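Hi there,

Here is the structure I promised to pass on. Have a look at it first, and my notes on what turned up follow just below.

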Amino acid sequence: MTQYRSDLIQTLTARGFLHQCTNLEALDAKATSGVVTAYVGYDATADSLHIGNLVSIMMLRWLQKTGHRPITLMGGGTTKIGDPSGRDETRVLQDDATINARIASLQTAFGRYLAYGTGKTDALMVNNADWLDGLQYIPFLRDIGRHFTINRMLTMDSVKLRLEREQPLTFLEFNYMILQGYDFVELYRRFGCTLQLGGSDQWGNIIQGVDLGRRVVDAELFGFTCPLITTSSGAKMGKTAAGAVWLKAERFSPYDYYQFWRNTEDGDVGRFLKLFTDLPLEEIARLEKLEGAEINDAKKVLALEATTLLHGAEAAKDAAETARKTFEQGGIGDDLPTVEISATELKTGIPAWSLFQRAGLAESNGEARRLIRGGGAKVNDQKCDDENVMVTADAVVDGVIKLSAGKKRHAIVKLT
RNA sequence: GGAGGGAUGGCCGAGCGGUCAAUGGCAGCAGACUGUAAAUCUGCCGACUUAUGUCUACGAAGGUUCGAAUCCUUCUCCCUCCA
């Protein structure tokens with residue numbers, strides 16, 4: 001492997017973050033000689049970040065750890081346009097209020113990974129609505145628009161794919177890459193930002209910014225992308241039973257988050273440890289050597305470390321403990337999802353199917369019935385094969401009833 | 001502006017008057033095997049206290065018919081060709 005001089009590039013490459021870079025040698029040299037300011041843009045497409053955003057956040061984290069300054073750019077302006085990259089359809093347009101509420105909600109997650117402040121390497125939070133909202137059409141076209149050729153834009157993947165698939169691409173969306181390019185230049189002007197990080201799908205957009213920088217401000221800007229993270233079986237990461245893996249605790253509990261990492265496929269453990277934890281590479285190398293059932297230990301480390309980063313040591317430990325109790329001892333952990341049922345209601349008895357639905361283990365009563373018929377349901381670890389059986393106060397053990405759907409999904413019913 | 005074609009369940013995609021809650025594939029859930037892994041095999045996969053029952057659903061609204069995802073009319077959106 002090539003040796004790089006800067007801690008930054010050394011770390012990013014060794015940990016598997018590098019996919020493409022516009023000029024790696026020059027960036028390496030620059031990172032050796034001083035503080036590099038770099039940014040990643042996040043559009044407010046939801047009120048929480050998800051696992052797909054995590055790789056880029058980890059890149060910013062390493063950037064800061066190796067003595068540079070990260071900027072998290074909130075797409076208050078660009079969200080109003082909608083990035084066509086990787087999409088067959090136009091995104092639904094959101095109004096200002098929604099976008100601003102989402103941005104506010106996103107910001108908390110970043111604080112877990114980056115240290116914000118006013119110091120030399122403290123992270124900055126910036127919103128591109130600050131400069132995009134006030135743009136004037138004609139001056140913008142003349143100053144910035146003239147540097148973009150349609151010829152070039154048509155060759156961009158995001159555009160090309162849409163056209164090839166005969167899906168409509170609106171003029172609004174067509175402008176997205178211009179605005180993202182302009183963001184880069186604006187961040188250079190305001191903060192001396194010379195590097196944009198992002199996922200490999202952002203390469204085209206990033207390149208536009210780099211080109212624009214050379215033309216408009218005569219500066220060499222750098223682009224650096226990380227690979228799109230998929231599991232070794234090729235599935236896109238971040239999809240689970242419950243949908244996307246969100247970073248917000250209200251949408252995806254620390255326990256679920258822990259379990260998500262705990263269930264990593266064997267072949268991904270080493271790669272994920274490098275990308276999603278702070279563990280030193282020597283330690284990871286040791287864990288990677290584990291084979292067979294022992295690799296579960298590596299998965300536990302991965303789960304604990306990743307959860308600690310996002311939700312804190314306390315919550316991570318609780319999640320790990322709950323998982324240990326639930327899976328290794330067949331007991332009940334405190335972090336399991338809980339439903340409260342009144343004691344009087346239980347006295348008369350509740351049908352099993354209804355209980356599973358209310359505990360969130362099935363989305364509808366019908367699904368709960370199917371679960372029970374299929375033999376996947378357990379009450380207090382006893383197989384429940386009659387959907388109509390009444391669960392009464394007799395089932396209460398130590399004040400709770402434990403429900404299981406399959407081997408991995410559990411919930412507890414508490415009396416009130 | 002003119003002429004054609006299309007819109008089906010989370011996605012892809014059959015069906016073209018009854019037997020259609022709608023073939024198939026993907027995704028998902030459960031079971032078996034395991035290591036809370038992968039692969040494989042099996043079952044399930046609109047809702048309703050489950051019922052040879054009811055309701056909702058094949059872009060939207062009307063209509064024809066004993067009966068419509070399927071036929072007709074209007075509307076909306078998309079695609080292709082011509083101008």
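Let me start with a salt bridge: Arg61 pairs with Asp278, and their closest N and O atoms are 2.4 Å apart. Because Arg61 sits in helix α3 and Asp278 in the loop between α13 (269–276) and α14 (281–288), the pair ties together parts that are 217 residues apart in sequence. Arg61 counts as buried, at 13% relative accessibility. Please keep in mind that this is a predicted model, and that every value here was computed from it.

**Other salt bridges**

The structure holds 21 salt bridges, and two others seem worth pointing out here. One of them joins the side chains of Asp47 and Lys248, at 3.8 Å from N to O. This pair also links distant parts of the chain: Asp47 is in the loop between β2 (37–42) and α3 (51–65), while Lys248 is in the loop between β8 (243–244) and α12, 201 residues apart. Asp47 is partly exposed, with a relative accessible area of 27%.

The other is formed by Arg369 and Glu387, whose closest N and O atoms are 2.9 Å apart. Arg369 belongs to helix α19 and Glu387 to the loop between β12 (382–383) and β13 (390–391), so this bridge ties together parts that are 18 residues apart in sequence. On accessibility, Arg369 counts as partly exposed at 22%, whereas Glu387 counts as buried at 11%. Going back to Asp47 and Lys248, salt bridges with shared partners join them with Glu250 and Arg251 into one network.

**The surface around the RNA**

Now for RNA strand B. There are 32 residues around the strand, and Asn263, Asp266, Arg370, Arg373 and Lys407 come nearest. By type, the residues of this surface divide into nine nonpolar, twelve polar and eleven charged. Which parts of the strand does the protein meet? Of the atoms of RNA strand B within 4 Å of the protein, 60% belong to sugar or phosphate, and the rest belong to bases.

A few individual contacts may help when you look at the model:

- An N or O atom in the side chain of Asn263 is 2.3 Å from a sugar or linking oxygen of RNA strand B.
- A polar backbone atom of Gly374 is 3.5 Å from a sugar or linking oxygen of the strand.
- Ala405 has a backbone N or O atom that lies 3.5 Å from a phosphate oxygen of RNA strand B.

As for secondary structure, the elements that give two or more residues to this surface are α12 (254–262), α15 (295–311), α16 (313–328) and α19 (365–373). Helix α19 gives the most, with six residues. Helix α19 is also where Arg369, the partner of Glu387, is found.

**Cysteines**

Finally, how many disulfides are there? The count comes to zero. Cys21 is in no disulfide, and the nearest cysteine sulfur to its own, that of Cys226, is 12 Å away. Why does Cys226 not form a bond either? Its closest cysteine sulfur is the one in Cys21, and 12 Å is too far for a bond. Cys226 is buried, with a relative accessible area of 3%.

Happy to talk any of this through once you have had a look.

Best wishes

Note on methods. Residues numbered from 1 in each chain as written. Chains lettered and ligands numbered in written order. Predicted model: local features only at pLDDT ≥ 70, side-chain atom pairs only at ≥ 80, totals over all residues. Heavy atoms only, no water. Near = heavy atom within 4 Å. Polar contact = N/O pair within 3.5 Å; in protein donor to acceptor, adjacent residues only side chain to side chain. Helix = DSSP H or I, 4+ residues; strand = E, 2+ residues; numbered from the N terminus. Nonpolar A, V, L, I, M, F, W, Y, C, P; charged D, E, K, R; others polar. Disulfide = S-S within 2.5 Å. Buried < 20%, exposed > 50% of the residue type's maximum accessible area, 1.4 Å probe, protein only. Salt bridge = Lys/Arg side-chain N within 4 Å of Asp/Glu carboxyl O.
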